[in-house]
Amino acid sequence: MSSSTPLVILCTGASRGIGFAIIQALASHPRTAGASFLLGCRSADKGKTAIDELRASKGITSSIEPVVLDVTSDESIRGALELVQRLYGRLDVLINNAGYAAIPSASEYSDWRDIYAKVYETNVTSVALMMQNFLPLLRKSTGTIINISSARGSAGLASGGALPPTVSVPYSVSKAALNMLTIETSRQVENQNVEFQLVSPGHCKTAFNGYRGTRDPLEGANVVVELVVARKSKYKNAGFWETRGASMDLVEIPW
């Protein structure tokens, strides 16, 4: 791909929260403002509302198209893939941001199986299917996959006492599984020209956590921005990264 060719960037779960902030941050950066953004959303109305907000209150003028995409639906994933193929014929950056968290609470553990299954389906299985479906387009452009993980998926941080106990064990377990999924997918021979990265945006103030986070979502988006704008291979493949404060410098998270 020519360096003058605008990037094609797809972010899932981008109608609000960290996904919305990722689109906003990338569309505001001089290196990526000219990209074609595909805003993954569960409904066309939510996508339109998000894009209207990006334009009206955030001053974003980049090309942004809504893509109706429910990552837990194979049919929806195939529909999104067909749309990207028809519009662009390639994909340069896939950001798997859509996620789910829940806390089992029913007496006698009656909701545990359902909650673990739903969290795992969204945070692991759906990411696996998104990668497998879109990898042919990413291989064509020697593109990049960025999976939104969490420091909660770090066994080193958890076992070392660096983090307080999690409020959602299923979520933390799913992010540890996502990390291994990413590493193993990156090791497949056919994917050797695709870059894979894992990131932790940090504890951001979003609807996902009832706005109880300690970090602005745009700060959390910095780690994704740096990976997208950096030259290819600046950071080791399948690394696990975060930023701190407003800094764009990447810090590696222990597994």
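Me: Which side chain does the side chain of N123 make a polar contact with?
Reply: In this predicted model, the side chain of N123 makes a polar contact with the side chain of S174, at 3.0 Å. A polar atom of the N123 side chain also lies 2.8 Å from the backbone oxygen of Y100.

Me: Where is N123 found, and is it buried or exposed?
Reply: N123 is found in helix 4, which covers residues 112-140, and it counts as buried because its relative accessible area is 1%. Leaving out residues up to four places away in sequence, N123 touches A98, G99, Y100, Y171, S174, K175 and L178.

Me: S174 is in helix 6, I think; which residues are buried in helix 6?
Reply: The buried residues of helix 6 include S174, and with it P170, Y171, S172, K175, L178, N179, L181, T182, T185 and S186. These buried residues pack against helix 4, strand 5, strand 6 and strand 7.

Me: And how many residues does helix 6 have?
Reply: Helix 6 runs over residues 169-186 and has 18 residues, and its first and last C-alpha atoms are 26 Å apart, close to the 26 Å expected at 1.5 Å a residue.

Me: You listed N179 there; what does it touch?
Reply: Not counting residues up to four places away in sequence, N179 touches S149, G153, L198, F240 and W255. With S149 there is a polar contact between the two side chains, at 2.7 Å. N179 counts as buried because its relative accessibility is 3%, and its C-alpha atom is separated by 9.5 Å from that of V199, a residue 20 residues apart from N179 along the chain.

Me: Changing topic: which residues touch the most other members in the largest nonpolar core?
Reply: Those are I22, I95, I146 and V224, in a core of 37 residues. Strand 1 (8-11), helix 1 (17-28), strand 2 (36-41), helix 2 (44-56), strand 4 (93-96), strand 5 (144-148) and helix 7 (217-229) each supply at least two residues of this core, and the largest share, 8 residues, comes from helix 1. Another core lies apart from it and has 31 residues, among them L91, V127, L137 and L157.

Me: Why would nonpolar side chains be together like that?
Reply: As a general tendency, nonpolar side chains in soluble globular proteins are buried together.

Me: What is I22 in contact with?
Reply: Setting aside its neighbours within four places in sequence, I22 is in contact with C11, I95, I148, A221 and V224.

Me: A221 and V224 take me to helix 7; how many of its residues are buried?
Reply: Helix 7 is mostly covered, with 11 of its 13 residues buried, and A221 and V224 are among them. The buried residues of helix 7 pack against strand 1, helix 1, strand 4, strand 5, strand 6 (195-199) and strand 7 (239-242).

Me: Where does helix 7 bend?
Reply: The bend is at V223 and is about 30 degrees. The end C-alpha atoms of helix 7 are 18 Å apart, which agrees with the 18 Å that its 13 residues should span at 1.5 Å a residue. At the start of helix 7, a side-chain oxygen of D216 comes to within 2.8 Å of the backbone nitrogen of L218.

Me: Back to C11: how many disulfides does a search of the whole structure find?
Reply: The search finds 0 disulfides. For C11, the closest cysteine sulfur is in C41, and the two sulfurs are too far for a bond because they are 11 Å apart. C11 counts as buried, with a relative accessible area of 0%, and C41 is buried as well, at 2%.

Me: Last topic: which residue in the loop between strand 4 and helix 4 has a positive phi?
Reply: That is Y109, which is found in that loop and has a positive phi of about 60 degrees although it is not a glycine. Most residues other than glycine have a negative phi. Y109 counts as exposed because its relative accessibility is 62%.

Me: And T142, what is its phi?
Reply: Phi of T142 is near 45 degrees, again a positive value in a residue other than glycine. T142 has its place in the loop between helix 4 and strand 5, and it counts as partly exposed because its relative accessibility is 40%.

Technical notes: Residues are numbered from 1 along each chain as its sequence is written. This is a predicted model: local features need pLDDT of at least 70, side-chain atom pairs count only at pLDDT 80 or more; totals for chains, interfaces and linings use all residues. Side-chain values use heavy atoms; hydrogens and water are left out. A nonpolar core is a set of buried Ala, Val, Leu, Ile, Met, Phe, Trp, Tyr and Cys residues joined through side-chain atoms within 4.5 Å. Buried means under 20% relative accessible area, exposed over 50%, partly exposed in between (1.4 Å probe, protein chains only). Helices (H or I, at least four residues) and strands (E, at least two) are DSSP runs, numbered from the N terminus. Contact means heavy atoms within 4.5 Å. A polar contact is a pair of N or O atoms within 3.5 Å; within protein, one must be able to donate a hydrogen and the other to accept it, and residues adjacent in sequence count only if both atoms are side-chain atoms. The expected span of a helix is 1.5 Å times one less than its number of residues. The bend at a residue is the angle between axes fitted to the seven residues ending there and the seven starting there. A disulfide is a pair of cysteine sulfur atoms within 2.5 Å.
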